[in-house]
Amino acid sequence: MAQAFLAIVRHDLALAWRRRGSVLSSLLFFIIACSLFPLALGPEPQQLRALAPGILWVAALLASMLSLSRLFVQEHADGSLEQLLLSPHPLAVIALAKTCAHWLTSGLPLLLLTPLLAQQYSLPAGPALLLSLSLLIGTPVLSLIGAVGAALTLGVRGGAVLLCILVLPLCTPVLIFGAGAAAAADAGMSVLPQLSLLGACLALALFLCPLATAASLRIAME
Amino acid sequence: MSRPFAQQPTFDTSPARHGGSRWLAYASPVRFYPLAGRMAPWFFAAAALAAIAGLWVGFFVAPTDAQQGEVYRIIFIHVPAAWMSMFIYLVMAMYCAMALVLRTRLSSMMASALAPTGALFTAIALISGALWGEPTWGTWWVWDARLTSELLLLFLYLGFIALESAIDEPRRAERACAVLALVGTVNLPVIYFSVQWWNTLHQGASVSLTAAPSMARTMLVGMLLMTLACWMYAIAVALVRVRCLLRERGLAGVVDRQTNGEGA
Amino acid sequence: MRLASDGPSADTVLRARGLSFSRGGRRVFEGIDFDLKPGELLQVLGANGSGKTSLLRVLGGLLPPDEGELSWGGQALRPADPNLLQSVAYVGHANGIDADLSPAENLRFAARMGGVDDSPARVADALRSMGLDPDSQAPVRTLSQGQRRRVALARLSLLRRLLWLLDEPVSSLDAASGERFLAQLGEHLRAGGMAVVATHEALPEAAQTLRLQG
């Protein structure tokens, strides 16, 4: 089972490399979206610094939604998803492996970019790193919940927007805790409560979401 | 080789074989259709009576509040609607769980029938909240924990309805929505908790529509009557809607002139 | 877990009783009964839309049947039962290969997922047996339809599973490749394997035929 998990992660990473255009474009969306807010809100550093955690988190959330709409789509079209469903390995493990690979190509680059983008918002280094830490714990949860949505909307018309409609409300706790952690860090308060709540969300999602994704994949393929 | 689907009941419909459980026979769509038709008018009547009683208590019997004056009376609509919106979601989720585990079509159709009513109550809660907020706080919207949770609940309902209408194949739509509803149910406590937490963190918790005046007994009676009215209404409307869904999917055992009983 | 066939015995029988399936209010097939023993081939015939693909998908556990039951080696099967899946190789309408990877990379992944030896030598053998160049690094996207089909079919000899479920395996192949594959199918049966094949081609080895009305 571990061998299959690793095989899928390696395989999906190889595929993402071949299709790096689409991986990079969701990253680019994140960068552009972050640059839009100062243009809309005005360049005043104090205001931007106060808003930075929230803005960066929302941009990360939206960028994740965009990249999630390509999860499973190609595999569904060329029949490889069918082959995965025919594998004797538990489908939940397969779903978790694909979600993991997806996070490595979407969530991880996002949080690596965040300290750089935080500079645009005059966020000091300490809070910026804590913001990245909150994204480190939070973006896997986004990928896990999003995978359920991606499986439910597989092959459905209006798929990408529908995915956002379904998944965004479910991600609000992660947004609240994640942005809250970064804001607390900037205010000099303890981030432990928010981060532990995020951690609890991650633990719950790791357990439940692959099962829900597996069920949804079977339903989508029936 | 195609026999009309309506002629093949999902369950064995003879009550005798179920021993003591005569009710299980009604899990058959064909049997449920006429039963729902007979039950609905009674629930509508009950709803109307409870509503009249509740509104009378709420608007005429309950005393005027010292702080908020007459405006607080909107609580008799706002709170029952909010309670029902949450209750209906849980009932929906229960039907969805039954649909996934037992693979019964009627359960998922009950869930689909309840969703628009749940969304309606959520909307009523939000609108009545706004109507309460304006004279009280001077703004039409207040990021109160309850209102924010209701807003997110509305999104969950709308997502359910959107997913159902986006998937063409009825059986796939039912099962996909069932998974969505269950995921939403697990998420709901987390959402409520996080919104509560967010609310207390960001403001002094003084702005709260749930800071209801200390409940005089009549006020509580009024709210309970209105809640009962909403509940009866929800059941009645769900029964009517489920009959429509049964006919649409050709499971009602009724031959429609247009579809010739061949079903969707 | 040994996923390659543990060797057929007299009890490794695929048994179907009363399988029926409907979709969109229409009965696709009903009352399907058969026993498939090692070395046997079941050919499924029928017009387009008669339910051949649905039957194969039901056998593979992708679709739950409305009624009826399946058993494998005497044990009743749930849908998508790993007991069956570890002995099944399925080639459906879609090839099930990634267009952005090379044939060899696709097969190596299939081998790893299937728990069999993924050495380059074995992968090369499988590709050569279908008349493909094992050293080609070109992505599958650059291959013709027939060549892509052959990559999908090469998976069969790589995985060495007991039961083959094939949906129109040779439809996009030229005559020579089609012949070559049917010869492989014959070898598989003689080695004790079993197959359920939906195809319009004449299959002389077919021990049983199922004709679906649809």
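This report looks at chains A and C of a predicted model.

## Ground rules

Residues count from 1 along each chain as its sequence is written, while chains are lettered from A and ligands numbered from 1 in the order written. Because the model is predicted, local features need pLDDT of at least 70 and side-chain atom pairs count only at pLDDT 80 or more, while totals for chains, interfaces and linings use all residues.

## Chain A

Chain A has 10 helices and 0 strands; both are DSSP runs numbered from the N terminus, helices being H or I with at least four residues and strands E with at least two.

Its C-alpha box is roughly 55 × 30 × 30 Å along the principal axes. The radius of gyration is 18 Å, which agrees with the value near 17 Å for a compact globule of 222 residues (taken over C-alpha atoms; the globule rule is 2.2 Å times the number of residues to the power 0.38). Of those 222 residues, 54% are buried, with 20 or more other C-beta atoms within 10 Å of their own, C-beta atoms being placed from the backbone.

## Chain C

Chain C brings 6 helices and 9 strands. With a radius of gyration of 17 Å, close to the 17 Å from the globule rule for 214 residues, chain C is as compact as a globular protein of that length. Its C-alpha trace spans about 50 × 35 × 30 Å, and 46% of its residues are buried.

## Helix 1 of chain C

Helix 1 covers residues 52-59, and 7 of its 8 residues are buried, so it is largely enclosed by the rest of the structure. Among them are C:Lys52, C:Arg57 and C:Leu59. Just after this helix, C:Gly61 takes a positive phi of about 85°.

Definitions and conventions:
A residue is buried if 20 or more other C-beta atoms lie within 10 Å of its own, exposed if 12 or fewer, and partly exposed in between; C-beta atoms are placed from the backbone.
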